[in-house]
Amino acid sequence: MADTFDNFVTARGAGLLRFAYVLCGDRHLAEDLVQEVLARLHRRWAHIEELAHPEAYVRKAVVREFLSWRRRRSNRELVAAYLPERAHDGTDPATRQAVFDELWRLLETLPRAQRAVLVLRFFEDLPDVRIAEVLGCTAVTVRVHASRGLARLRASMGPAATATNSGVSG
């Protein structure tokens, strides 16, 4: 049992860490999240490895742990005196990094359920029905979280970004 668990963590640990990072937006919190989930699942690994898709089970555990995690930072809001300029040139690495950083800041403002839905939809490329299974809710609830999350992101980005993205459906 320990050997197969070790093999799983070696093979899929980095992917789980990236997934947790996208959910919580902080490398250290992502490491804590994955470590906590893996420590809990280690005791039951003999049963988990018999499942058809053990990695899907572990990812679902990571999402649920993220949604219920009690260790939250005391203050997650970032006060900014001005909004950064919107980048138009996507080829410049510095510009891409600035856009990436801004996206993380915006994702951190969303409630956990909305952020989890958007990550599962756009990072993991899961359909609504599968996201509903992972989160333990209905597909309608997933669509509501996605719609509200995207609306908050668009509102945070300002009118210029909303006008540019008006043709994109959420």
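These notebook entries record what I looked up in a predicted model.

**Entry 1. Salt bridges**

I began with the charged side chains and counted eight salt bridges. I then examined several of them individually.

The side chains of E65 and R40 meet in a salt bridge, at 2.7 Å from N to O. I located E65 in helix α4 (residues 54-68) and R40 in helix α2 (residues 27-42), so this pair ties together parts that are 25 residues apart in sequence. I noted E65 as buried, with a relative accessible area of 10%. For R40 the relative accessible area is 29%, and I recorded this residue as partly exposed.

I next looked up R59 and E124, whose side chains form a salt bridge at 3.0 Å, N to O. R59 belongs to helix α4 and E124 to the loop between α6 and α7, so the bridge ties together parts that lie 65 residues apart in sequence. R59 is buried at a relative accessible area of 15%, whereas E124 is partly exposed at 23%.

The third bridge I inspected joins the side chains of R121 and D128, at 2.6 Å from N to O. Are these partners buried or exposed? R121 is buried, with 14% relative accessibility. D128 is buried as well, with a relative accessible area of 16%. I also traced a network in which salt bridges that share partners join R12, E55, R59 and E124.

**Entry 2. Charges over rings**

I returned to R59 and found that its charged end sits over the ring of F19, 4.9 Å from the ring centre. A second such case is R112, whose charged end sits over the ring of F66 at 4.7 Å from the centre.

**Entry 3. Aromatic pairs**

How many aromatic pairs are there? I counted three. F8 and W45 form a tilted pair, with 4.8 Å centre to centre and 40° between the planes. F8 lies in helix α1 (residues 2-24) and W45 in helix α3 (residues 45-48), so the pair ties together parts 37 residues apart in sequence. I recorded both rings' residues as buried: F8 has a relative accessible area of 11%, and W45 has 2%.

I then turned to Y21 and W104, an edge-to-face pair with 5.1 Å centre to centre and 65° between the planes. Y21 is in helix α1 and W104 in helix α5 (residues 93-108), and the pair links distant parts of the chain, 83 residues apart. Y21 is partly exposed at 27% relative accessibility, while W104 is buried at 11%. I further noted that F5, F8 and W45 form one aromatic cluster.

**Entry 4. Cysteines**

I searched for disulfides and the count was zero. I checked the accessibility of C24, which is buried at 2%, and of C137, which is partly exposed at 28%.

**Entry 5. H145**

I placed H145 in helix α8 (residues 139-157). What does H145 touch, leaving aside residues up to four places away in sequence? I found A113, Q114 and V117. H145 and V117 are 28 residues apart in sequence, yet 6.6 Å apart in space, C-alpha to C-alpha.

**Entry 6. D125**

Finally, I looked up the backbone at D125, where phi is near 60°, a positive value in a residue other than glycine. Most residues other than glycine have a negative phi. I located D125 in the loop between α6 (112-123) and α7 (128-135). D125 is exposed, with a relative accessible area of 64%.

Notes
Residues numbered from 1 in each chain as written. Predicted model: local features only at pLDDT ≥ 70, side-chain atom pairs only at ≥ 80, totals over all residues. Heavy atoms only, no water. Helix = DSSP H or I, 4+ residues; strand = E, 2+ residues; numbered from the N terminus. Buried < 20%, exposed > 50% of the residue type's maximum accessible area, 1.4 Å probe, protein only. Contact = heavy atoms within 4.5 Å. Salt bridge = Lys/Arg side-chain N within 4 Å of Asp/Glu carboxyl O. Disulfide = S-S within 2.5 Å. Phe/Tyr/Trp six-rings, centres within 6.5 Å; stacked < 30°, edge-to-face > 60°. Lys NZ or Arg CZ within 6 Å of the ring centre and 35° of its normal.
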